[in-house]
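Me: I'd like to understand the words people use for parts of a protein. Could we go through some of them together?

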Amino acid sequence: MTENSIETTLGTPAKFLPGIGSLRAEKLAKIGLRTAGDLLFCFPRSYEFPAPPARVDQLREGQSASLVGTIVDAEIVSRTPGKSIFGAVVQNDSGAVRIVFFNQPFRAEQITFDRRVMISGEPKLNGLRWEFVHPKVTLLEDDGEIKKPRILPIYPLTEGVKQNEMRHYVSAAIDGLCETLTEVLPVDLRDQATAALRAAEIDLRLPLPDICTAVRSIHWPADQNDLTAARTRLVFQELLVMQLALAMRRRKLTTDLRSTPLPASAMLDARIINRFPFELTGDQKAAMKDVGRDMGRQFPMNRLLQGDVGSGKTVVAIYAMMLAVGHSHQAVLMAPTEVLARQHFQTLTRMLADSRVRIGLLCGSLTAAERRETLRKTASGEIDLLVGTQALLYGIEFKNLGLCVIDEQHKFGVRQRVQLRSGGVDPHYLVMSATPIPRSVAMTIFGDVDLTTLREKPPGRGSVNTYLGRDEWRDRWWTFVKKQLDEGRQAFIVAPRVSAQASPTQDDVDVPDEDSATDEDVSSVETVYEELRTGTLAKYQVGLLHGRLSSEEKRAVMEAFADGETDVLVSTTVIEVGIDVPNATVMTILGAQRFGLAQLHQLRGRVSRGTHAGHVCVFTDGEQSPEEFERLKVLESTSDGFELAEADFKMRGPGDVFGSRQSGMPPLRIADLMNDIDVLQVARDIAQQTIDEDPELSDPKWDALKKQLMRRYGKRLDLGDVA
């Protein structure tokens with residue numbers, strides 16, 4: 001089959017585009033460029049901007065510059081076979097410079113005497129004369145018109161493909177496909193978006209262009225304004241499609257699903273709040289008001305409760321569960337690990353000890369008989385509150401489930417979170433996260449849920465002091481730790497992770513958590529445990545906790561630590577989430593460069609949960625890279641989880657912070673959630689307005705946009721019934 005024997009479409013194999021062929025197509029496939037469409041939408045990663053024309057007396061060594069002039073001298077010198085030097089002098093009214101090319105004899109035919117040219121490159125002083133070695137040369141028209149040199153796209157490359165070749169391949173895709181692209185944004189919508197983006201103080205000098213113009217200009221912009229308009233158009237379109245899908249999802253949850261209203265009456269609200277033996281913060285009261293309002297509606301609450309470590313999210317969750325039970329409905333609380341599930345179970349049992357609320361526990365370590373009995377009581381309604389792990393997802397039947405609470409929601413895949421909605425019931429749905437979510441992520445990955453934020457800390461909590469340790473401080477630090485232990489406090493020691501990455505995750509299987517420790521991780525924590533138990537901390541009771549222990553062993557270790565029988569707990573990150581031992585006031589984190597910033601903050605949240613001040617020291621293994629040092633300095637300088645979340649997001653990106661597979665959302669092709677937050681807000685506002693006016697996008701003008709929406713997000717967000 002020849003290049004010209006088929007019509008180019010988005011799905012045309014790259015090898016059939018001019019100049020590519022089978023061999024180069026194999027090389028392009030290594031970076032995911034397999035079709036003409038892949039090349040068309042392989043947007044430049046950066047651009048090479050030509051320097052503006054300068055005068056000779058404005059040239060500076062090492063600073064790129066362009067110069068327009070006339071060739072007044074040119075010669076080629078061949079000293080040995082295959083070796084040549086071509087030199088020419090370019091002159092204008094500000095002076096003259098010399099240009100030099102090595103082993104490029106063809107230049108003599110291009111750059112001829114009396115020819116007007118523009119040269120671009122980095123000048124160097126050679127004696128008293130400026131010299132450009134291998135500059136870019138643009139031949140100007142004979143009429144003397146100065147044509148502005150082009151902005152050059154810079155694409156990702158693979159071995160065996162040069163930048164000029166990649167530009168040629170992409171240009172071939174543009175020529176073959178650009179005019180066939182379907183416009184999905186009507187003119188009036190583009191005009192509306194242009195006005196809104198400018199009102200948001202986005203520097204948009206030109207209106208948003210049509211799709212063909214935008215695609216051509218993103219690859220080969222005429223100038224910076226042209227590039228800005230093209231990129232903004234494509235970013236806006238990508239974010240608008242996402243926000244329309246999320247807006248449709250939000251509406252679907254409020255119109256298609258039905259839940260039993262479980263309102264917070266004044267009497268029921270007072271009865272629940274009076275059970276808390278402490279003063280609620282203003283944020284907790286506001287969150288409970290949100291929850292009470294949501295649960296009083298005829299469609300499911302779908303609320304995300306985020307708050308910094310120690311902000312009291314569990315109290316809000318207990319309020320919601322008691323609200324369900326107060327209306328004779330059941331509630332479930334799912335935690336990511338059995339350690340945390342058991343802790344929630346103990347907390348609820350303690351707080352509701354003198355009530356008639358019946359609490360059950362369902363987790364992997366139960367015997368078959370215990371599991372059967374728990375399932376029977378749940379199905380018959382003899383259990384009001386059920387606490388557990390992923391075990392809640394399989395083979396369970398409720399009598400009248402009213403509320404699902406999921407703790408640390410980002411540790412579960414999307415399908416796992418939705419699983420609790422199955423079985424013919426639509427309970428209210430509350431998810432909690434102690435990992436504060438950057439605003440842009442909240443509007444995308446969690447854009448179909450309502451958001452409540454807890455920022456206040458309950459009164460009486462101790463402060464946390466964080467130190468970035470140095471090797472020479474280790475002896476002094478261990479002396480401080482022992483002093484704390486001698487005063488009756490307890491300590492955590494977190495061993496470094498050996499493996500740099502967790503196992504791959506899938507939405508339809510259990511998402512690995514800290515329980516899934518590798519053999520190397522276990523070896524690491526056991527080594528640290530033995531060294532401390534027999535050395536530095538030999539006079540203290542030291543416990544060991546990691547993911548390879550059995551559930552019964554984990555429970556025994558945690559109970560010993562919580563009861564004060566153990567002074568020191570050496571652990572992997574299994575303690576990261578929710579472990580609450582108020583007497584633990586000091587933490588040592590080893591190999592800190594192996595942990596993410598948010599994870600380090602989560603670990604830090606395990607201390608100062610009582611009235612005493614907490615102290616955390618993070619040590620790294622070996623030399624720190626500048627990036628690692630910057631990240632750890634941020635941890636040292638602030639205890640605000642929201643500031644840290646934004647910093648972590650900027651350093652690692654949303655894919656690393658949350659994981660695209662866990663979020664269930666496809667990766668963005670051109671939009672940047674860190675830098676395009678203003679465009680995202682405009683897209684969200686316009687999307688919501690559009691869905692409010694036309695919930696099903698039934699107007700024919702939306703046909704193309706709706707097809708693109710369904711193709712990209714329909715299955716992921718369960719929008720099939722609005723296709």
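Me: What makes I677, V679 and L680 in α22 count as buried?
Reply: Buried means under 20% relative accessible area, with exposed over 50% and partly exposed in between, using a 1.4 Å probe and protein chains only. Residues of α22 that meet this include I677, V679, L680, V682 and A683. This is a predicted model, where local features need pLDDT of at least 70, side-chain atom pairs count only at pLDDT 80 or more, and totals for chains, interfaces and linings use all residues. Residues are numbered from 1 along each chain as its sequence is written, and side-chain values use heavy atoms, with hydrogens and water left out.

Me: What covers the buried residues of α22?
Reply: Among the elements covering them are α5 (187-199), α7 (224-255) and α14 (439-442). Contact here means heavy atoms within 4.5 Å.

Me: How do you know that the span of α22 agrees with what a helix should have?
Reply: Helices are DSSP runs of H or I with at least four residues, while strands are runs of E with at least two, numbered from the N terminus. The expected span is 1.5 Å times one less than the number of residues. For the 17 residues of α22 (677-693) that gives 24 Å, and the end C-alpha atoms are 24 Å apart, so the two agree.

Me: Why are β12 and β16 said to stand at the edges?
Reply: The open sheet has 7 strands in the order β12-β13-β11-β14-β15-β10-β16, with parallel pairing. β12 (359-362) and β16 (450-454) each have a single partner strand, so one side of each lacks a neighbour in the sheet.

Me: What makes β11 and β13 a pair?
Reply: Two strands pair if DSSP finds at least two bridges between them. β11 (330-334) and β13 (385-388) run parallel and are joined by 4 bridges, meeting that rule.
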